[in-house]
Amino acid sequence: MTRTTRYKIQYAVVLVVGVALAAALSWWLRYQVVTLLVIAGILLIPGRVSGFIWRDFYRSRRLHDLGQYEASLKSSQRFVNHLAERPHLRRYWWLAWAVYSRDPLAMALNNIGSTQLELGMLEEAEASFREALKCDPEYPIPHFNLAVLCMVRNDRLKAEEHANNAVELGYYRNAADRMLHAASRLLARIEGRGHGLRADA
């Protein structure tokens, strides 16, 4: 079983347990509106905290999704610099519900690479994806993005190799992966707004 599969299972278990506890508590307290609002607030706290701590990360994702690649790149680079100045912020991975990697630096470097790829900066994108893999060798998304990059370069052999690596590490681009990407994009839209305003990020 890959690490990504374990993370997906953990994520699903936490969601099911959280919903079950919220439902049980709501039933026990007779569905009082104030109680339901308190439960919803508690469930939203981790996302709000990560949105504050990692605001440039979410902003870069939002800008990338909007096609504002130069602004996205600047925001990602600001986040990487922020992590270099405050390395302890890398410990708050659990607030972000990450499935493919729990290293914010690796995720930011992958985002930088996918943005550089959109901008046609192929050499820089490759360097960013490889740097992301140095931070987290079991992170499958940079392998997928390297496969995309190799296809752009018409290197089908290398593209297949990287695509296979992504699959071996648990990234299949199936319904579950598409749903997780949609959820992460939604989170980026929510947490990235108000802070200013394709490969997989």
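Helices (H or I, at least four residues) and strands (E, at least two) are taken here as DSSP runs, numbered from the N terminus. On that basis, the chain in this predicted model has 9 helices and 0 strands. Welcome to an all-α pattern, then: read along the sequence, the chain goes α-α-α-α-α-α-α-α-α. Here is a short tour, from the whole chain down to a few residues.

**The chain as a whole**
- The chain has 201 residues, and 44% of them count as buried.
- About 11,100 Å² of the chain is exposed, with 62% of that area supplied by carbon and sulfur atoms.

**Helix α1 and a surface patch**
- Helix α1 covers residues 3-28, and isoleucine 9 is found in it.
- Isoleucine 9 has a relative accessible area of 42%, so it is partly exposed, a class that lies between the under 20% of buried residues and the over 50% of exposed ones.
- Together with Met1 and Val13, Ile9 forms a nonpolar patch on the surface.
- The accessible area of these three residues together is about 320 Å².
- In an α-helix, residues three or four places apart point the same way, because there are 3.6 residues a turn.

**Helix α3 and arginine 59**
- Arginine 59 belongs to helix α3, which runs over residues 55-65.
- Is arginine 59 buried or exposed, given its relative accessibility of 16%? Arginine 59 counts as buried, because 16% falls under the 20% cut-off.
- The side chain of arginine 59 is joined to that of aspartate 56 by a polar contact of 3.4 Å.

**Helix α4**
- With 17 residues, α4 reaches 24 Å from its first C-alpha to its last, which is close to the 24 Å expected at 1.5 Å a residue.
- Among the buried residues of α4 are the serines Ser72, Ser75 and Ser76.
- The buried set of α4 also includes Tyr69, Leu73, Phe79 and Val80, along with His82 and Leu83.

**Leucine 89, in the loop after α4**
- Leucine 89 sits in the loop between α4 (69-85) and α5 (104-118).
- With a relative accessible area of 8%, leucine 89 is buried.
- Which residues does leucine 89 touch, leaving out those up to four places away in sequence? They are Ile53, Trp54, His82 and Leu83.
- Two of these partners, His82 and Leu83, are themselves listed as buried residues of α4.
- Proline 104 is 15 residues from leucine 89 in sequence, while their C-alpha atoms are 8.6 Å apart in space.

Methods: Residues are numbered from 1 along each chain as its sequence is written. This is a predicted model: local features need pLDDT of at least 70, side-chain atom pairs count only at pLDDT 80 or more; totals for chains, interfaces and linings use all residues. Side-chain values use heavy atoms; hydrogens and water are left out. Patches are made of residues with over 30% relative accessible area and no salt bridge: like charges are joined within 9 Å, nonpolar side chains (Val, Leu, Ile, Met, Phe, Trp, Tyr) within 5 Å. Accessible areas come from the Shrake-Rupley method with a 1.4 Å probe; for residues, only the protein chains shown count as cover. A salt bridge is a side-chain nitrogen of Lys or Arg within 4 Å of a carboxyl oxygen of Asp or Glu. Buried means under 20% relative accessible area, exposed over 50%, partly exposed in between (1.4 Å probe, protein chains only). Contact means heavy atoms within 4.5 Å. The expected span of a helix is 1.5 Å times one less than its number of residues. A polar contact is a pair of N or O atoms within 3.5 Å; within protein, one must be able to donate a hydrogen and the other to accept it, and residues adjacent in sequence count only if both atoms are side-chain atoms.
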